[in-house]
Amino acid sequence: MDATEEISQENTFYDSNGAAKIHDRIQKRQQALAEDAERRKDAKKSQSVGEEKIEYFLRTFKAERAGIQELLTGCSGADRPVVTQKLEEATAKMTQLQKFLNDSVIFLSQYEIRVAQSALQKLQTSLSETREEALPKKKFAFRSRTKAAEVSDCPPPPETAGSGVTKLDGAAVSKQADFSDISDEYLTKTSEELQNRDVLLTHLTNCKVRLYGSPSTLHLKHINACEILCGPVATSVFVDHCSNSILAFPCQQMRTHNTTDTQVYLHVTSRAIIEDCLGVSFAPFCWSYPTLDQDFSASGLDRDRNNWSQVDDFNWLAAGTPSPNWTVIPEEDRKTTWDP
């Protein structure tokens, strides 16, 4: 092979190698462009889905809010049974609307959350005002409930679990309900009747209750339009299905479910927890009676530690945004006089 042929073959080799490299670069570039186009397509699709979710939320929220407002407007001039039914329906719809907002915060902006929260708070205020205007509280009868009357009127426990033990929703309570199925009465318990006991108040309507002593636990279930004051509770207070009421007690922990339009004057050494609640408001415990100091000592609660304003809402997961389900009672609106 002469020198000319050798040079020609060498040039052909380099030309082929260069062409291969160029082809490889072109393929990589095309692949990168295709991947980038796919990413933009996915991002656009995701943005479109997000916008559709927001649009659906705003449309549904507006319609549900209008439905609640219509129910409240329908209370004007209606008979008491109709008003009661409409208010119950409005309260249920409010709870559902709050859950709808809670479930949607993951894709809503902070501004959209604040607007919806403000709308819910206005609805809650309107609901409370409508209830107060259409269903004013009755005056208390102030008939003291004697121990003998309580024993004769109190129904037998629904389920027992051994000697002297009643089951409440599957949980053992060491004593039968202290007050049950009572309306329009003034009810009291002494320290001797409460000391280290588990106390249950259930299905009370328009009652004033005074518990002078230190029970071990306190259960409040199905309470409506009542004022319940209790001395220091050594462990926990459980509140369920309470509405339009005022509660006051010191305790170690408070757990509240399914409660609406209720004020709580609280001394709690651990935490207050709410779930499925709406319109619950808090202030520091301020009730007093002659043996309160002794009952605080008996309960073992730390009187200098009160976390009354540190409330955990298990239905509100929006970090950095206050829950709309509870508020602090303004100082000028707090109750200071309890008994004549």
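A residue is called buried when its relative accessible area is under 20%, and this cut-off helps in reading helix H6 of this predicted model. Helix H6 spans residues 292–299, and its residues Leu292, Asp295, Phe296 and Ser299 are buried. Seen down the axis of H6, these buried residues fall within an arc of 105 degrees, so they line one face of the helix. Such a pattern fits a general property of α-helices, which have 3.6 residues a turn, so that residues three or four places apart point the same way. The cover over the buried residues of H6 includes helix H5 (191–194), strand E10 (246–251) and strand E12. After H6 comes Gly300, which has a positive phi, near 80 degrees.

Strand E12, which takes part in that cover, runs over residues 260–268 and contains Thr260. Because its relative accessible area is 10%, Thr260 counts as buried. Beyond its neighbours within four places in sequence, Thr260 is in contact with Thr91, Cys242, Ser243, Asn244, Leu278 and Gly279.

The largest nonpolar core has 35 residues, of which Leu201, Leu204, Phe249, Leu266 and Phe282 touch the most other members. A second, separate core is made of 24 residues, among them Ala90, Leu120, Leu135 and Trp316. Leaving out residues up to four places away in sequence, the residues that Leu201 touches include Phe179, Val209, Leu211, Leu220, Ile223 and Ile228.

As for confidence, the mean pLDDT of the protein chain is 80, and 78% of its residues reach 70 or more. Over residues 146–177, however, pLDDT stays under 50, although the model has 47 contacts beyond four places in sequence for them. Where pLDDT is low, the predicted coordinates should not be read in detail.

Definitions and conventions: Residues numbered from 1 in each chain as written. Predicted model: local features only at pLDDT ≥ 70, side-chain atom pairs only at ≥ 80, totals over all residues. Heavy atoms only, no water. Helix = DSSP H or I, 4+ residues; strand = E, 2+ residues; numbered from the N terminus. Buried < 20%, exposed > 50% of the residue type's maximum accessible area, 1.4 Å probe, protein only. Contact = heavy atoms within 4.5 Å. Arc of directions from axis to C-beta. pLDDT = per-residue confidence, 0-100. Core = buried A, V, L, I, M, F, W, Y, C linked by side-chain atoms within 4.5 Å.
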